[in-house]
Amino acid sequence: MPYLYLDDKGTPITPQDLADHHCLAMIRSNEELKTWHFSDDTQHNVITVLPKRFSDDGEVIRQWALDSAGIALKSILDIRY
């Protein structure tokens, strides 16, 4: 059976739970994009993650997540099949 990150580490329930996970983050113009924003109907959360890996290529981040290296913040357009 292949290794699945969420099966091993558990699914984060709140944005704050990401502190206990391997996060995968982008680098854009030499800036580490480790401030992640989450919103729902009632609140907006801003979380600073401590990424396990960085890349300046969004497809690399996507592939790392698919390969169970951690959790990535991606656009809904990037994750649709």
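Start with the whole structure: a search of this predicted model finds 0 aromatic pairs. There is no ring pair to select, then, and the tour moves on to a ring that has a charge over it.

**Stop 1: Arg53 and Trp64.** Select Arg53 and Trp64 together. The charged end of Arg53 sits over the ring of Trp64, and the distance to the ring centre is 5.1 Å.

**Stop 2: Asp40.** Go next to the loop between strand S3 (35-39) and strand S4 (44-48), where Asp40 is found. Show its side chain along with the backbone of Thr42 and Gln43. The Asp40 side chain reaches the backbone nitrogen of Thr42 at 2.8 Å and the backbone nitrogen of Gln43 at 2.9 Å. Asp40 has a relative accessible area of 47% and is therefore partly exposed, since that class runs between 20% and 50%.

**Stop 3: Ser29.** Select the loop between strand S1 (23-28) and strand S2 (31-32), which holds Ser29. Check the backbone here: phi of Ser29 is near 50°, a positive value in a residue other than glycine. Ser29 is exposed, because its relative accessible area of 72% is over the 50% cut-off.

**Stop 4: Ser68.** Finish in the loop between helix H2 (58-66) and strand S6 (71-72), where Ser68 lies. Ser68 is not a glycine either, yet its phi is positive, about 70°. Is Ser68 buried or exposed? Its relative accessibility is 8%, under the 20% limit, so Ser68 counts as buried.

To compare the last two stops, colour both serines by accessibility: Ser29 is exposed, whereas Ser68 is buried.

Technical notes. Residues are numbered from 1 along each chain as its sequence is written. This is a predicted model: local features need pLDDT of at least 70, side-chain atom pairs count only at pLDDT 80 or more; totals for chains, interfaces and linings use all residues. Side-chain values use heavy atoms; hydrogens and water are left out. Rings of Phe, Tyr and Trp (its six-membered ring) pair if their centres lie within 6.5 Å; planes under 30 degrees apart count as stacked, over 60 as edge-to-face and the rest as tilted. A charge sits over a ring if NZ of Lys or CZ of Arg is within 6 Å of the ring centre and within 35 degrees of the ring normal. Helices (H or I, at least four residues) and strands (E, at least two) are DSSP runs, numbered from the N terminus. Buried means under 20% relative accessible area, exposed over 50%, partly exposed in between (1.4 Å probe, protein chains only). A polar contact is a pair of N or O atoms within 3.5 Å; within protein, one must be able to donate a hydrogen and the other to accept it, and residues adjacent in sequence count only if both atoms are side-chain atoms.
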